[in-house]
Amino acid sequence: MVKDKLIAAKELIGDESKWVKGSFARDAANKTVNYADSTACRWCMLGAIWHCGVTPEETYLVKDIAGLGGQSLIDINDSCITKHSEVMAVMAKLILAAGD
């Protein structure tokens, strides 16, 4: 279920130290790695979503339902003014949009 996967993604980056900008994921040495890499320990919002098994198609559908259609999740996450709390708020909107 998409909602459960989104909840898992939100929990994955719920601790700000597990969240990153500028890469889908990073390892303990702060090296950029694939979001699915076993060495990944920090993710951006989209990297966390995909790491938890939400497909790109499901991601874009839920994003549109949440009213974020014109905004890229990458741009939201990576903006120099975006705070972790704002990413968590977007994740909450995505979870609500996913329904039951």
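This is a guided tour of the structure above, one selection at a time.

Before you begin, keep in mind that the model is a predicted one.

**Stop 1: the sheet**

Select the strands β1 (25-26), β2 (32-33) and β3 (42-43), and colour them apart from the rest of the chain. These three strands make up an open sheet in the order β2-β1-β3, with antiparallel pairing. The strands at the edges are β2 and β3, each of which pairs on one side only. Between β1 and β2 the antiparallel pairing runs over two bridges, and you can find a bridge by selecting arginine 26, whose partner in β2 is threonine 32.

Now move to the loop that joins β1 (25-26) to β2 (32-33), and select asparagine 30 within it. Although asparagine 30 is not a glycine, its phi is positive, at about 70°. Is this residue buried, partly exposed or exposed? Asparagine 30 has a relative accessibility of 40%, and therefore counts as partly exposed.

**Stop 2: the aromatic rings**

Next, show the side chains of Phe24, Tyr35 and Trp50, which ring pairs link into a cluster. The count of aromatic pairs in the structure comes to three. One of them joins phenylalanine 24 and tyrosine 35 in an edge-to-face arrangement, with 6.4 Å from centre to centre and 70° between the planes. Phenylalanine 24 sits in the loop between α1 (2-12) and β1, while tyrosine 35 sits in the loop between β2 and β3, so this pair ties together parts that are eleven residues apart in sequence. Both rings can be checked against the surface: phenylalanine 24 counts as partly exposed at 32% relative accessibility, and tyrosine 35 counts as partly exposed at 25%.

**Stop 3: a loop residue and two cysteines**

Stay in the loop between β2 and β3 and select serine 38. Serine 38 is exposed, with a relative accessible area of 76%. If you draw a distance from its C-alpha atom to that of cysteine 52, which is 14 residues away along the chain, the separation is 13 Å.

With cysteine 52 on the screen, add cysteine 44 and ask how many disulfides the structure holds. The number is zero. A disulfide is a covalent bond between the sulfur atoms of two cysteines. Cysteine 44 is in no disulfide, and the nearest cysteine sulfur to it, that of cysteine 52, is 12 Å away. For a disulfide the two sulfur atoms would have to lie within 2.5 Å. Cysteine 44 also counts as buried, at 5% relative accessibility.

**Stop 4: helix α1**

Select helix α1 (2-12), and then pick out its buried residues, which are Val2, Leu6 and Ala9. When you look down the axis of α1, these buried residues fall within an arc of 60°, so they line one face of the helix. An α-helix has 3.6 residues a turn, so residues three or four places apart point the same way. The buried residues of α1 pack against α2, α3 and α5, so add those helices to the view before you move on.

**Stop 5: helix α3**

Which residues of helix α3 (residues 56-65) are buried? They are Thr59, Val62 and Lys63. Looking down the axis of α3, you will find them within an arc of 105°, so they too line one face of their helix. Turn to the other side of α3 and you meet Glu57, Leu61 and Ile65, which are exposed. The buried residues of α3 pack against α1, α2 (45-51), α4 (73-78) and α5 (84-97). Just after α3, select glycine 67, which takes a positive phi of about 85°.

**Stop 6: the nonpolar core**

Finally, select Leu6, Ile13, Met45, Ile49, Leu73, Met91 and Leu94, which touch the most other members among the 28 residues of the largest nonpolar core. The elements that give two or more residues to this core are α1, α2, α4 and α5, and the largest share, seven residues, comes from α5.

To end the tour, centre the view on leucine 73 and show what surrounds it. Leaving aside residues up to four places away in sequence, leucine 73 touches Met45, Leu46, Ile49, Thr59, Lys63, Leu68, Val90 and Leu94. Two of these, Thr59 and Lys63, you have already met as buried residues of α3.

Methods. Residues numbered from 1 in each chain as written. Predicted model: local features only at pLDDT ≥ 70, side-chain atom pairs only at ≥ 80, totals over all residues. Heavy atoms only, no water. Helix = DSSP H or I, 4+ residues; strand = E, 2+ residues; numbered from the N terminus. Buried < 20%, exposed > 50% of the residue type's maximum accessible area, 1.4 Å probe, protein only. Pairing = 2+ DSSP bridges. Phe/Tyr/Trp six-rings, centres within 6.5 Å; stacked < 30°, edge-to-face > 60°. Arc of directions from axis to C-beta. Contact = heavy atoms within 4.5 Å. Core = buried A, V, L, I, M, F, W, Y, C linked by side-chain atoms within 4.5 Å.
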